[in-house]
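Visitor: I am new to this structure and would like a close look at one part of it. Could you show me the model and let me pick a spot?

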Amino acid sequence: MECRVREFDVTMLNNMRRIELESFPDYPYDDMIFLTLHYYQPELFIVAECDGKIVGYACGFISKRGCGHLASIAVDKQYRRKGIGSLLLASFEEKVIALGSRCVELEVSEDNIDAIRFYEKHGYNFVKTLSRYYPDGKNALFMKKTMVS
């Protein structure tokens, strides 16, 4: 299987929606959120393509604090645990560094243990709990990684 990371374009939106709904069925982002993120920071909206198929994405922006903010990352269920999430996260971080930032922040549901372990494995640290962050009242963990140049 040959995979590469490339910038998102709007023709990929249907694939993104499928992955988003599969990954976050309780409160998925809608198309307008994705299009807005792409409009404001297109270089921080990337997809993983394996053998010509879009199988994952990562998107975000540079926050007012000057950190990259990972708004969302997801991989098609059939392609998980194959290094694609790690590839997307590393590519996102490289792009954040290229934009002059040295940190990435994110929120993750406190009950998403697999995702928390994934972020910890990649050097992210717990900063604080965000109470009732999600629409269903669940808390989120705010995590951050500071990168050296």
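Visitor: Please take me to Cys59: how far is the sulfur of Cys59 from the closest cysteine sulfur, and which residue holds that sulfur?

Guide: Happy to show you around, and please keep in mind that this is a predicted model. The closest cysteine sulfur to that of Cys59 belongs to Cys67, and the distance is 17 Å, which is too far for a bond. A disulfide needs two cysteine sulfur atoms within 2.5 Å, so Cys59 has no bonding partner at that distance. Cys59 is also buried, with a relative accessibility of 0%. Its place in the chain is in strand S3, which covers residues 53-62.

Now let us follow the cysteines that do pair. The whole structure contains 2 disulfides. Cys67, the neighbour we just met, is in one of them: Cys67 bonds with Cys103, and their sulfur atoms are 1.8 Å apart. The torsion about this S-S bond is about -100°, so the disulfide of Cys67 and Cys103 is left-handed. Cys67 sits in the loop between S3 and S4, while Cys103 belongs to strand S5, so to speak a link across 36 residues of sequence. Both Cys67 and Cys103 are buried.

The other disulfide joins Cys3 and Cys50, with 2.0 Å between the sulfur atoms. Here the torsion about the S-S bond is about 110°, which makes the disulfide right-handed. This pair also connects distant parts of the chain, as Cys3 lies in strand S1 (residues 3-7) and Cys50 in strand S2 (residues 45-50), 47 residues apart. The two ends of this bond sit in unlike surroundings: Cys3 is partly exposed at 27% relative accessibility, whereas Cys50 is buried at 1%. If you number the bonded cysteines in sequence order, the pairing reads 1-2, 3-4.

From the loop that holds Cys67, we can move on to charged side chains. Side chains of opposite charge can pair when their charged atoms come close. There are 10 salt bridges in the count for this model. One of them joins Arg65 and Glu105, whose closest N and O atoms are 2.6 Å apart. Arg65 is in the loop between strand S3 and strand S4 (68-75), and Glu105 is in strand S5 (residues 103-109), so this salt bridge ties together parts that are 40 residues apart in sequence. That loop and that strand are also the places of Cys67 and Cys103. Arg65 is exposed, at 57% relative accessible area, but Glu105 is buried, at 2%.

Two further salt bridges are worth a stop. Arg81 and Asp114 meet at 3.3 Å, N to O. Arg81 lies in the loop between S4 and helix H3 (84-98), and Asp114 lies in helix H4 (residues 113-121), so the pair ties together parts that are 33 residues apart in sequence. Arg81 is exposed, with a relative accessible area of 74%. Next come Glu93 and Lys145, which form a salt bridge at 3.2 Å, N to O. Glu93 is in helix H3 and Lys145 in strand S7 (residues 140-146), a separation of 52 residues. Both ends of this pair are covered: Glu93 is buried at 9% relative accessibility, and Lys145 is buried with a relative accessible area of 16%. There is also a network, in which salt bridges with shared partners join Arg4, Arg6 and Glu49.

Let us step back and place all this in the whole chain. The protein chain has 4 helices and 7 strands, and along the sequence they follow the pattern β-α-α-β-β-β-α-β-α-β-β. Its radius of gyration is 14 Å, close to the 15 Å that the globule rule gives for 149 residues, so the chain is as compact as a globular protein of that length. The C-alpha atoms fill a box of roughly 40 × 35 × 30 Å along the principal axes. Of the 149 residues, 45% count as buried, and Cys59, where you began, is a buried residue. Among contacts between residues at least 6 apart in sequence, 61% join residues at least 24 apart. As for the outside, the protein chain exposes about 8200 Å², with carbon and sulfur atoms supplying 50% of it.

Key: Residues are numbered from 1 along each chain as its sequence is written. This is a predicted model: local features need pLDDT of at least 70, side-chain atom pairs count only at pLDDT 80 or more; totals for chains, interfaces and linings use all residues. Side-chain values use heavy atoms; hydrogens and water are left out. A salt bridge is a side-chain nitrogen of Lys or Arg within 4 Å of a carboxyl oxygen of Asp or Glu. Helices (H or I, at least four residues) and strands (E, at least two) are DSSP runs, numbered from the N terminus. Buried means under 20% relative accessible area, exposed over 50%, partly exposed in between (1.4 Å probe, protein chains only). The radius of gyration is taken over C-alpha atoms; the globule rule is 2.2 Å times the number of residues to the power 0.38. Contact means heavy atoms within 4.5 Å. Accessible areas come from the Shrake-Rupley method with a 1.4 Å probe; for residues, only the protein chains shown count as cover.
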